[in-house]
Amino acid sequence: MIAGAAETRYARRPGPETTLTLLAAAARGALGDAGFELRDVDGLAVSSFTLAPDHAADVAWRLGLRLRWLMEDTSGGASGLNMLQHATRAVEAGDAEVVLVLAGDRFGEGDFGRLAAAYNGATRDHLAPIPHGGPNALFALLTLRHMRAEGLTRDTYGRLVVAQRTWASSNPGALHRQPLTLQDYLAAPTVVEPLGLYDCVPIVSGADAVVVAARPRPGSPRVEVSALVAAYNPDHQEGDGLRTGLGEAAPALWDSAGVGPGDVDVAAVYDDYPAMVLIQLADLGLVENGDSARFVEEVIATRRLPVNTSGGQLAAGQAGAAGGLHGLVEAVRQLRGRAGERQVEDARVALVTGYGMVAYRYGACANAAVLRRLE
Amino acid sequence: MTGVPVSVCARCRRVVFPARELCPGCGSSHWHRDERSAGVVEDATVVERAPRGLRAGARVGTVRLDDGPRLVARLGPGAEIGARVRVVIEEGAPVALRYPV
């Protein structure tokens with residue numbers, strides 16, 4: 001059961017705060033939201049790219065936590081749901097009562113470039129020498145394949161970006177809140193063709209947190225994790241990246257959740273790039289007849305299905321590993337009726353996805369969860 | 001100039017790049033090191049902007065080697081989508097050169 005959620009301010013240029021400071025702030029926020037105290041916490045899961053040389057046990061010590069359950073996750077955009085999967089089982093099994101799930105990063109000058117150049121061994125040894133200039137080039141190539149496979153133009157991605165930006169205008173925590181038109185999107189500087197400025201997440205510093213508890217405090221809505229599935233290294237990086245592995249996992253997700261794609265009230269889909277949003281939604285069976293262009297125009301832009309109501313990472317910012325928790329935090333806020341001006345009326349069922357860890361040519365990790373509000 | 005250092009599974013002959021420890025096809029840990037050069041450009045783009053600390057400017061693309069593996073390479077002049085190319089390693093990076101070179 002998820003009892004609370006929080007996100008720190010996302011900052012383009014961080015101040016003196018450290019990664020630990022950001023994690024601590026998110027932790028306090030989520031515990032406050034859940035009505036728990038630090039002393040109630042007996043489990044901790046944490047994910048961060050900028051924690052080194054510290055690890056999960058150091059976070060426990062620095063945050064004053066005495067624990068009986070601890071994990072550290074390194075799966076980037078898939079880390080949030082991976083930690084949720086483990087934390088949920090730990091609480092169900094009685095290994096912990098109250099688990100704090102944390103992710104965050106502080107990126108100072110040049111930190112992101114250093115991370116991107118040595119993201120893993122294959123990147124350091126085979127991509128950085130090209131030089132490929134970071135993940136944008138890989139997802140530009142993937143987006144070209146997506147456009148070719150589905151006969152898409154940039155307009156489809158643009159309409160998705162514009163729709164998310166419109167949601168962001170009612171999220172006080174989003175980095176970019178000013179409205180954007182399709183013309184603005186198309187006229188923006190090219191980063192790596194076909195990706196323009198607004199196809200690439202702004203890198204920020206910040207942290208997110210959720211509280212998973214066996215017995216949430218009575219009186220406020222709690223959120224059940226109805227089902228969670230994952231796919232890691234589904235195709236050995238030998239495919240085209242236009243499927244994530246969620247396609248094979250989708251029947252199990254909907255079966256064990258006891259709902260179908262049509263029952264989703266609000267979706268938080270991992271959005272490192274617009275093409276990946278559409279690919280994951282198609283894998284999970286939400287895109288009718290596989291027609292992404294029409295789905296964006298008729299379902300996303302019209303808000304028939306509210307997708308990435310925080311603005312997503314494309315508008316709110318990507319705070320490193322916190323990107324893996326950002327969508328979960330937004331979904332929990334929506335299900336608990338705490339999403340302010342952007343609250344989706346009577347949101348009961350949410351879909352959340354994670355995607356990430358580019359092993360070589362595209363992400364090697366994908367996961368998805370169905371959450372449900374319990375009164 | 002050397003070709004792409006591929007690994008060929010000693011048991012099932014699967015060709016992979018980058019190297020793996022165990023064969024994704026049959027699980028074998030026995031590999032023959034070899035080189036491959038012939039392939040076709042599948043996608044191409046230009047890195048116009050890069051994050052601070054990373055270099056922009058390269059033309060990059062996906063090349064499918066005739067033996068199967070897809071790799072990311074720097075594209076030389078004329079290495080357009082659909083072009084047959086020879087892939088060589090220059091300063092640690094795969095570079096696709098249009099035939100004839």
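Trainee: Leaving aside its neighbours within four places in sequence, which residues is A:Thr88 in contact with?

Mentor: In this predicted model, A:Thr88 belongs to helix α3 of chain A, which covers residues 79-93. Its relative accessible area is 8%, and because buried means under 20%, A:Thr88 counts as buried. Once neighbours within four places in sequence are set aside, the residues in contact with A:Thr88 are A:Val212 and A:Val225.

Trainee: How many of the 16 residues of α6(A) are buried?

Mentor: Helix α6 of chain A runs over residues 135-150, and at 1.5 Å a residue its 16 residues should span 22 Å, which agrees with the 22 Å between its end C-alpha atoms. Among its buried residues are A:Phe139, A:Arg145 and A:His146. The helix is largely enclosed by the rest of the structure, because the number of its 16 residues that are buried is twelve.

Trainee: Which residue follows α6(A), and is its phi positive or negative?

Mentor: The helix itself comprises residues 135-150 of chain A. The residue that follows α6(A) has a phi near 65 degrees, hence positive, and that residue is A:Gly151.

Trainee: Which residue has its backbone oxygen 3.0 Å from a polar atom of the side chain of A:Asn367?

Mentor: A:Asn367 is placed in strand β11 of chain A, residues 363-374, and is buried, with a relative accessible area of 0%. Leaving aside neighbours within four places in sequence, its contacts include A:Ala78, A:Leu81, A:Tyr232 and A:Gly354. A polar atom of the A:Asn367 side chain lies 3.0 Å from a backbone oxygen, and the residue contributing that oxygen is A:Ala78.

Conventions
Residues are numbered from 1 along each chain as its sequence is written. Chains are lettered from A and ligands numbered from 1 in the order in which they are written. This is a predicted model: local features need pLDDT of at least 70, side-chain atom pairs count only at pLDDT 80 or more; totals for chains, interfaces and linings use all residues. Side-chain values use heavy atoms; hydrogens and water are left out. Helices (H or I, at least four residues) and strands (E, at least two) are DSSP runs, numbered from the N terminus. Buried means under 20% relative accessible area, exposed over 50%, partly exposed in between (1.4 Å probe, protein chains only). Contact means heavy atoms within 4.5 Å. The expected span of a helix is 1.5 Å times one less than its number of residues. A polar contact is a pair of N or O atoms within 3.5 Å; within protein, one must be able to donate a hydrogen and the other to accept it, and residues adjacent in sequence count only if both atoms are side-chain atoms.
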